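Student: Please take a close look at one part of this structure for me. I would like the nonpolar core, and whatever connects to it.

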Amino acid sequence: MSDETTVSGESAIQFVEVCKSFGERSKRHLVLDRVSFSAPRGKTTVIAGGSGQGKSVILKLILGLLRPDSGEVLIGGNNISSMGYKALQAQRTLFGVLFQGSALFDSLTVFENIALPLRERTKLTAEEIRSRVAATLEQLELTGHEDKFPAQLSGGMKKRVGLARALQLEPEIVLFDEPTTGLDPVMTREIYELFVQTQKRLGYTAVIVSHDIPQIFTLADQIILLNKGELDVFTDASQIPFSTKPNIREFARLVMGQQTA
Amino acid sequence: MSGLRKLADEPYMNQTEQKPVSLLRIVGGIGDSALYILTDLGRMGIFLFFSLIGLFKQPFRFKEFVKQLAFIGAGSLTVIFFTALSSGMVLGLQGYYSLHKFGAEGMLGSAVSLTLIMELGPVLTALMVAGRAGSAMCAEIGIMRISEQIDALECMAIDPFRYFISPKFLAALISVPLLTAVFDVVGIMGGYLAGVKLMGVNGGSFFAGMEQSVTSHDVRLGVIKSVVFAVLLVWICTGRGYFVQKIRGAGFGAESVSKVTTQAVVLSSISVLIFDYLLTAVLL
């Protein structure tokens, strides 16, 4: 159950003794305290924990949107926390991200949102982009909605458009920030099915930050739990109640209730 | 009496007891604020650098540039027209009232045109654009920031400066001097209407005075001011929006965007007025 024993195969993402705090100098709040873990390539890592425990901070550190106070964040062996702007931009081409609020560009239509990475990052012709986006729209059952603006979509549709945009460039690593927050159970199941289908097809490394416990564990090859500054890594949800870390056991008891009793 | 003495002494005693703590707190607070201001200035300096570099990055987003040109430039024409007309007419009336006392009404054209070209044109245009387009730019970028749209761009390895900030800079750099020119012309026409058509000043002497007194140096000063003001207002308004989550005391969510938008307009207006004095002192 130690951090290193759970890593199987080559690591796509590695955190080494990472610390991150926020707030002004006099009122610093330590969110991550010497956190170490690895996300194996081609597998699904689920990060769960209470609110404010640093789950989204981990995603932002992976993306280089935040820099750690100390420690290293390695992506494919490269330390992202010490990279310059250009190298960071090049590194980011590996990623696809589904944001919590979908982060769709509200002045662009569904079509334009999905086409954006293709327009900006590839040399495809307008016709090729149109056909690729049309194919994606069909796969995600969004045909007929291409001219709508994000404000005209339901929560589930926004998530699907966000996923379509994230997967357009067939990234090696896809990060999901609370992919099912605010969705009803039917829509949640739909998003999970979509995730399983796309991962099977594209074989990407997935990191999912979620509150949806224990359902989200069914998708996980590796589970990372965060609580009150402690972190533990599991390959199976059944190991969680036997964690050596008291804060993790407490969290598991609170959120998983009967199952851990 | 002793009760009064006790009441009078109490705050003094407390002050004496807390003195070292309070002093430390005050010094700490000053240091903290100084560090915040330095960090903020550094952040804004880097933002300006990347915004200007973004102007030369390919592919240039021509459509976005034209959209911003229409929004900042063409969209501000109405407000510039009415501000210029009323300012020019007031200048015409006020100028006539002052000059009439010395029998120098013939100088009205010169007074109105010089005031407008060197001062009021660039300053009022910048203030109007800051209030109309600057606030909108700040709010738009602030909302993009809090809804993670800017993060999404960065995650797609799309440079947000090239994508939507630099086109705003270029559009402001072109449209503000042009709007200033429109302001000057409409203002002079306003001065003509009030001075010549309403107060009966000779039209020929109005334009002759203007022709004799306005030099290319005066026009150049007006143009330089308008370019500097354009950079100031677009820099402050877009920069504040971009860093909405890093601004002390702004709060979170929609409230932070509204506070920062107000701050951006106030800051850019004050900067325009300060730089107006500095440029006048240096270039006049």
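**The core and the sheet**

Tutor: This model is predicted. Its largest nonpolar core has 129 residues. Those with the most contacts inside the core are A:Ile62, A:Val97, A:Leu175, A:Val207, A:Leu225, B:Val129 and B:Leu233. Helix H4 of chain B, residues 108-146, gives the most to this core: 18 residues. In soluble globular proteins, nonpolar side chains tend to be buried together.

Take A:Val207. Setting aside neighbours within four places in sequence, A:Val207 is in contact with A:Ile13, A:Ala39, A:Thr45, A:Ile47, A:Leu59, A:Ile62 and A:Leu175. Two of these names, A:Ile62 and A:Leu175, also appear among the core residues with the most contacts.

Now the sheet. Six strands of chain A form an open sheet, ordered S6-S7-S8-S3-S9-S10, with mixed pairing. Strand S6 (95-98) and strand S10 (230-234) of chain A are the edges, and each pairs on one side only. From one strand to the next, the twist averages 15°.

At the S10 edge, strand S9 (residues 222-227) of chain A pairs with S10(A) in the antiparallel sense, over five bridges. A:Ile223 has A:Phe234 in S10(A) as its bridge partner. At the other edge, helix H5 of chain A (residues 155-167) lies across S6 and strand S7 (173-177) of chain A. This helix runs at about 175° to S6(A).

Last, the chain contact. Eleven residues of chain B are in contact with 17 residues of chain A. Helix H5 of chain B (residues 149-155) gives the most to the chain B side, with five residues. That side divides into five nonpolar, two polar and four charged residues.

How values were computed
Residues numbered from 1 in each chain as written. Chains lettered and ligands numbered in written order. Predicted model: local features only at pLDDT ≥ 70, side-chain atom pairs only at ≥ 80, totals over all residues. Core = buried A, V, L, I, M, F, W, Y, C linked by C-beta atoms within 7 Å. Buried ≥ 20, exposed ≤ 12 C-beta atoms within 10 Å, placed from the backbone. Helix = DSSP H or I, 4+ residues; strand = E, 2+ residues; numbered from the N terminus. Contact = placed C-beta atoms within 7 Å. Pairing = 2+ DSSP bridges. Axes fitted to C-alpha atoms, helices over the stretch in contact; angles between N-to-C directions. Nonpolar A, V, L, I, M, F, W, Y, C, P; charged D, E, K, R; others polar.
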